[in-house]
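Please open the coordinates in your viewer and keep a selection panel at hand, since each stop below begins with something to select.

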Amino acid sequence: MDGFCKIIKEVSHSSGLPVIADADTGFGEGEMCAKAVWEYYEAGASGIKNSYFTEV
Amino acid sequence: MISGKDFAKKVEIAAQASHDCSGGEFIICARTDAAGVTSIDDAIARAKLYIDAGADMIFPEGLKSREDFKRVAGELKGYGKRGGPFLLANMTEFGKTPYISLDEFGQLGYNCVIYPVSTLRVTMKAVDDFLKDLKRLGNQETLLDR
């Protein structure tokens, strides 16, 4: 998750654009899904942020 | 593939977290791969579960035709308490999806289209061209006008 957040932050800050980021399966069960949302949100600085969660 | 019920629980937790950290501004998109694993009917049923669980956007992966995209959009249009989800399409190269234009996706009811590895593929081709030219010619001058 740290690696994803680092890239999200770089892309968000350098582009100033809304960012769509893959959150895989949520990095684990419930509490990790919530943590992913918080961390992804805080990593992105502008616009609408979006994460997609995958079933598989 | 995880059960729809278990994944809906994850979506519910993510939607609650979005509400807590951003007042719901952060969009939660739920991807379903069911169309390529079980059936489109299953993908639509799962998408509805995820919308009920709080997903703002649905990403139906593995659709094989324009008709598939149209059907999924038609079935999900207006579904749920908040007037229907946003829809995301994956227009990756060499995948199962035919090459559909942005305008056409819009007409089919999709709000967002991703090209997940396209920039990287184009970049790596340019890198490859440069390295081959460097090996062949010993300098980079031929690249300056590209």
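The tour starts with the whole model, passes through chain A, and then moves through chain B.

**The whole model**

Before selecting anything, bear in mind that this is a predicted model, with an ipTM of 0.83 and a pTM of 0.89. If you colour chain B by pLDDT, you are looking at a chain whose mean is 94, with 100% of its residues at 70 or more.

**Chain A**

Select chain A, in which there are two helices and two strands, and follow the chain from the N terminus, along which the elements come in the order α-β-α-β. Of its 56 residues, 39% count as buried. Taking the contacts in chain A between residues at least 6 apart in sequence, 65% of them join residues at least 24 apart.

**The two domains of chain B**

Turn now to chain B and colour residues 4-115 as domain 1 and residues 117-146 as domain 2. The centres of domain 1 and domain 2 of chain B, taken over C-alpha atoms, are separated by 37 Å.

**Helix 1 of chain B**

Select residues 4-22 of chain B, which form helix 1; from the first C-alpha to the last, these 19 residues reach 26 Å, close to the 27 Å expected at 1.5 Å a residue. Showing side chains here brings up the buried residues of helix 1 of chain B, including F7(B), V11(B), I13(B) and A15(B), and K10(B) is also one of them. Stepping past the end of helix 1 of chain B, you arrive at G23(B), which has a positive phi near 65 degrees.

**Strand 2 of chain B and its partners**

Which strands flank strand 2 of chain B? Select strand 1 (residues 27-32) of chain B, which runs parallel to strand 2 of chain B and is joined to it by four bridges; here R31(B) stands opposite F59(B). Then add strand 3 (residues 86-90) of chain B, which pairs with strand 2 of chain B, also in the parallel sense, over two bridges, with M57(B) opposite F86(B).

In a regular strand the side chains alternate between the two faces of the sheet. In strand 2 of chain B, both faces are covered, with M57(B) and F59(B) buried on one side and I58(B) and P60(B) buried on the other. Adding helix 4 (residues 66-76) of chain B completes a right-handed β-α-β unit, made by strand 2, helix 4 and strand 3 of chain B.

**The loop at A55(B)**

Next, centre on A55(B), which sits in the loop between helix 3 (40-52) and strand 2 (57-60) of chain B. Is A55(B) buried or exposed? It counts as buried, because 29 C-beta neighbours lie inside 10 Å, where the cut-off for a buried residue is 20 or more. Leaving aside residues up to four places away in sequence, A55(B) touches V11(B), A15(B), I28(B), C29(B), A30(B), Y50(B) and P85(B). With A30(B), the C-alpha to C-alpha distance is 6.2 Å, although A55(B) and A30(B) are 25 residues apart in sequence.

**Helix 6 of chain B**

For the last stop, select residues 118-137 of chain B, which form helix 6; at 1.5 Å a residue its 20 residues should span 28 Å, and the end C-alpha atoms are indeed 28 Å apart. The number of buried residues among these 20 is zero, so helix 6 of chain B lies largely in the open. Just after helix 6 of chain B comes G138(B), where phi is positive at about 85 degrees.

Methods. Residues are numbered from 1 along each chain as its sequence is written. Chains are lettered from A and ligands numbered from 1 in the order in which they are written. This is a predicted model: local features need pLDDT of at least 70, side-chain atom pairs count only at pLDDT 80 or more; totals for chains, interfaces and linings use all residues. The expected span of a helix is 1.5 Å times one less than its number of residues. A residue is buried if 20 or more other C-beta atoms lie within 10 Å of its own, exposed if 12 or fewer, and partly exposed in between; C-beta atoms are placed from the backbone. Two residues are in contact if their C-beta atoms, placed from the backbone, lie within 7 Å. Two strands pair if DSSP finds at least two bridges between them. A crossover is right-handed if, with the strands pointing away from the viewer, the path from the first strand over the helix to the second runs clockwise. Domain bounds come from an automatic or database domain assignment. pLDDT is the predictor's confidence in each residue, from 0 to 100.
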